[in-house]
Amino acid sequence: MKPLRLKVTFFTFMLILLGCGSTIFALKTFFNISAENQSVRQSVLLRDWVEALPNQPIRDEIVKDLQISRAELSPVERQNSLSDIIQAYNSGNRALLKKRVDAFISNEKRYVANLSPQIMRMEQHMVYFGAIVISILFVGLIGLRGFIVSNIFEHLQNTTQRMIDFLNGKYSYQFEVPPPNEVGDLQSTFNSMAQRVLQNVEELKALDAAKSDFLNIASHELRTPMTSIKGSLGLLTSGVMGEIPEEALQMVEIAESETNRLIRLINDILDMAKIEAGKFPLNFDWTNINALLETTREGLLGLSGTAGVNVQVNAELFAESYADRDRIQQVIMNLASNAIKFSPKGSTVTIGCFVDEDDMLRIYVTDQGRGISPEDQKLLFEKFRQVTGPDNPLVQGTGLGLAIAKALVEEHNGFIGVHSAPGKGSTFYFTLPKWRHVENESDADTIEQNDPNYRAAA
């Protein structure tokens with residue numbers, strides 16, 4: 001048995017043993033006192049009955065009752081005295097009966113007088129012993145409580161505080177030798193876990209530093225030559241360096257396209273790394289959402305024209321949002337370009353905004369594509385995830401667009417999601433909590449001062 005459990009068991013057993021012993025003694029003393037009091041009451045009743053015998057006629061019933069009472073008396077002297085009274089009563093000698101009754105009553109009074117001190121002593125002993133037992137039990141319970149508090153609860157509270165500090169990143173305790181008991185086992189387990197976690201944290205810091213170094217290298221050593229290669233390929237395709245044969249020009253155009261794709265991949269990876277590190281700068285200001293939606297539509301004309309998809313804007317209100325204009329446009333552009341890529345030729349992609357049931361500004365992009373299964377919806381916003389297929393030749397990307405969009409929306413304290421079903425198209429949306437109404441699209445600076453969202457954001 002564990003030491004702490006053994007000690008608690010011993011203390012508890014001693015208290016139970018003391019409690020049981022005191023209870024048995026108290027019950028025994030109580031029954032003795034009750035018996036002695038019953039003897040006193042019996043003696044008083046018997047004296048009254050015997051005192052009336054000289055005036056009673058001789059009856060067999062009275063003799064039988066006297067004989068029964070005699071059998072219940074103790075000690076023998078009382079029985080003999082009552083036997084003399086029965087004999088005198090049967091003989092009819094009133095003078096002798098009166099003499100023996102007086103002697104019996106005198107003896108009973110002495111008997112009761114002798115019992116009273118004994119009863120008082122037993123009652124006093126019971127009170128004294130009860131007080132001692134109660135005191136011992138009280139002290140024992142206080143001692144048991146103190147033992148449990150000092151050996152269990154204080155250590156548990158200390159360990160709990162360490163765990164809280166550890167969870168809050170404020171753990172700076174020196175590891176101590178735990179006591180050799182169950183609480184010590186808990187502390188040892190926590191210390192081992194904390195040491196393992198601290199070791200892992202140091203390893204993660206080293207990995208994070210290595211990642212930062214890699215990102216710095218990638219930012220400078222990769223983007224700089226890729227930009228140079230892109231510029232050189234652009235000069236070749238523009239004809240500045242002279243006319244290029246048709247077959248060679250096609251290869252150069254492919255190289256330029258793939259170079260642009262690689263640059264986008266590098267930029268997406270760097271943006272994602274900055275967001276995860278909390279070092280992605282955001283410039284918040286009041287942004288006209290309606291103008292932003294129209295600007296996004298115009299920026300997608302090239303992609304939508306190639307895909308044969310119509311893009312329209314459908315805004316239910318004129319509003320401004322307190323956000324980073326470029327990053328919100330990046331999110332809308334990503335959602336809309338994905339919608340175009342997954343939409344059939346001749347269909348329509350709708351970009352719009354409205355106020356949802358939570359009084360938040362919701363911006364959405366709806367397409368008429370093939371929809372997304374529930375299984376794929378769970379993976380959409382993860383890094384390097386794409387819902388691609390042989391029937392989507394335009395779908396080419398890094399798999400980071402939606403992950404970056406999700407991170408940017410969350411930086412604005414918003415939420416991004418999707419409603420879709422296979423064969424029924426998809427609606428991607430995100431919310432912006434800080435927004436305000438404007439009177440109309442041409443007068444974006446006119447604010448409804450009574451708008452609670454304006455007051456909260458301003």
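The protein exposes about 27,400 Å², with carbon and sulfur atoms supplying 57% of that area. Keep in mind that this is a predicted model. The chain has 458 residues, and 34% of them are buried. For secondary structure, you're looking at 12 helices and 9 strands. Among contacts with a separation of 6 or more, 68% come from residues 24 or more positions apart.

**Nonpolar surface patch**

- Phe-10, Phe-11, Phe-13, Met-14 and Leu-17 come together as a nonpolar patch on the surface.
- Taken together, those residues offer about 510 Å² of accessible area.
- Met-14, one of the patch members, belongs to helix H1, which spans residues 3–51.
- Met-14 has a relative accessibility of 38%, so it counts as partly exposed.

**Salt bridges**

- Searching the whole structure turns up 6 salt bridges, and here are some of them.
- Glu-108 pairs with Arg-78, and their closest N and O atoms sit 2.8 Å apart.
- That pair ties together distant parts of the chain: Glu-108 is in helix H4 (residues 94–167) and Arg-78 is in helix H3 (residues 76–91), with their positions 30 residues apart.
- Are the two partners buried or exposed? Glu-108 is buried, at a relative accessible area of 1%, and Arg-78 is buried too, at 8% relative accessibility.
- Both of those values fall under the 20% cut-off, which is why the two residues get the buried label.
- Lys-98 and Asp-102 also meet through their side chains, with an N to O distance of 3.1 Å.
- Lys-98 and Asp-102 both lie in H4, 4 residues apart, or about one turn of the helix.
- Lys-98 is partly exposed at 42% relative accessibility, and Asp-102 is partly exposed with a relative accessible area of 41%.
- Glu-410 and Lys-406 make another salt bridge, where the closest N and O atoms are 2.7 Å apart.
- Glu-410 and Lys-406 are about one helical turn apart because they are 4 residues from each other in helix H11 (residues 401–411).
- Glu-410 counts as partly exposed at 43% relative accessibility, and Lys-406 is partly exposed with a relative accessible area of 29%.

**The five-stranded sheet**

- There's an open sheet of 5 strands, ordered S2-S4-S5-S7-S6, and its pairing is mixed.
- Which strands sit at the edges? Strand S2 (310–315) and strand S6 (416–420) do, since each pairs on one side only.
- On average, neighbouring strands of this sheet are turned by 15° against each other, direction ignored.
- Inside the sheet order, S5 and S7 are listed next to each other; strand S5 (residues 361–367) and strand S7 (residues 426–432) run antiparallel and are joined by 7 bridges.
- If you want a landmark for that pairing, Tyr-364 stands opposite Tyr-429 in S7.
- Helix H7 (residues 289–299) lies across S2, strand S4 (348–355), S5 and S7.
- Relative to S2, H7 runs at about 175°.

**Backbone spots to check**

- Ser-74 and Pro-75 are joined by a cis peptide bond, with omega at about 0°.
- Pro-75 is in the loop connecting helix H2 (60–71) with H3.
- Asp-359 isn't a glycine, yet its phi is positive, at about 60°.
- Where does Asp-359 sit? Asp-359 is in the loop between S4 and S5.
- With 36% relative accessibility, Asp-359 counts as partly exposed.
- Asn-413 has a positive phi as well, near 65°, and is likewise a residue other than glycine.
- The loop between H11 and S6 is home to Asn-413.
- Asn-413 counts as exposed because its relative accessibility is 62%, which is over the 50% cut-off.

How values were computed. Residues are numbered from 1 along each chain as its sequence is written. This is a predicted model: local features need pLDDT of at least 70, side-chain atom pairs count only at pLDDT 80 or more; totals for chains, interfaces and linings use all residues. Side-chain values use heavy atoms; hydrogens and water are left out. Patches are made of residues with over 30% relative accessible area and no salt bridge: like charges are joined within 9 Å, nonpolar side chains (Val, Leu, Ile, Met, Phe, Trp, Tyr) within 5 Å. Accessible areas come from the Shrake-Rupley method with a 1.4 Å probe; for residues, only the protein chains shown count as cover. A salt bridge is a side-chain nitrogen of Lys or Arg within 4 Å of a carboxyl oxygen of Asp or Glu. Helices (H or I, at least four residues) and strands (E, at least two) are DSSP runs, numbered from the N terminus. Buried means under 20% relative accessible area, exposed over 50%, partly exposed in between (1.4 Å probe, protein chains only). Contact means heavy atoms within 4.5 Å. Two strands pair if DSSP finds at least two bridges between them. Axes are lines fitted to C-alpha atoms, for helices over the stretch in contact, and angles run from 0 to 180 degrees between N-to-C directions.
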